[in-house]
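Trainee: I have a new model open and would like to go through it. Can we start with one side chain and work outwards?

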Amino acid sequence: MFYIIFDLCMAVIMLTFGIMFYKSNGGAAKFLSGYNMKADEKRREHDENEMCMAYGKKMMFMSGPFFAGIVIDFRFAGTGCLIAWSLWLVLFILLLVDRHKREQ
């Protein structure tokens, strides 16, 4: 039961952050580590609204493994959580790579 609740909490957190980023109209860019420390001239080169919408979509997508983990945990306790975290880690690394490309 712990794994199901844990997966549900992580899914809700990722989904909430994704929605907040998506609907922020670029205001959530200040929460992107490293980006908020760039000079104003460098930040003007980027479309913050488009960037926040893209990151919001990716964060909402990153909640998917945790929802799938809930379903798996009903049958195999703990296995769904492990699979969800593994998939989330891969998605997180892909997000970091995309972010690095986008902000150069």
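Trainee: Which residues does F66 touch, not counting residues up to four places away in sequence?

Mentor: F66 touches D7, M10, A11, M14, A84, W85 and W88, where contact means heavy atoms within 4.5 Å. This is a predicted model, in which local features need pLDDT of at least 70 and side-chain atom pairs count only at pLDDT 80 or more, while totals for chains, interfaces and linings use all residues. Residues are numbered from 1 along each chain as its sequence is written, and side-chain values use heavy atoms, with hydrogens and water left out.

Trainee: D7 is on that list. Is D7 buried or exposed?

Mentor: D7 is buried, meaning under 20% relative accessible area, with exposed being over 50% and partly exposed in between (1.4 Å probe, protein chains only). D7 has no salt bridge, that is, no side-chain nitrogen of Lys or Arg within 4 Å of a carboxyl oxygen of Asp or Glu.

Trainee: Where is the nearest side chain of opposite charge to D7?

Mentor: That is R75, 15 Å away. Lys and Arg count as positive and Asp and Glu as negative; His and the chain ends are not counted.

Trainee: Which element holds D7?

Mentor: D7 lies in helix α1, and so does V12.

Trainee: How exposed is V12?

Mentor: V12 is partly exposed, with a relative accessible area of 42%.

Trainee: Changing topic, how many helices and strands are there in the protein?

Mentor: There are 5 helices and 0 strands. Helices (H or I, at least four residues) and strands (E, at least two) are DSSP runs, numbered from the N terminus.
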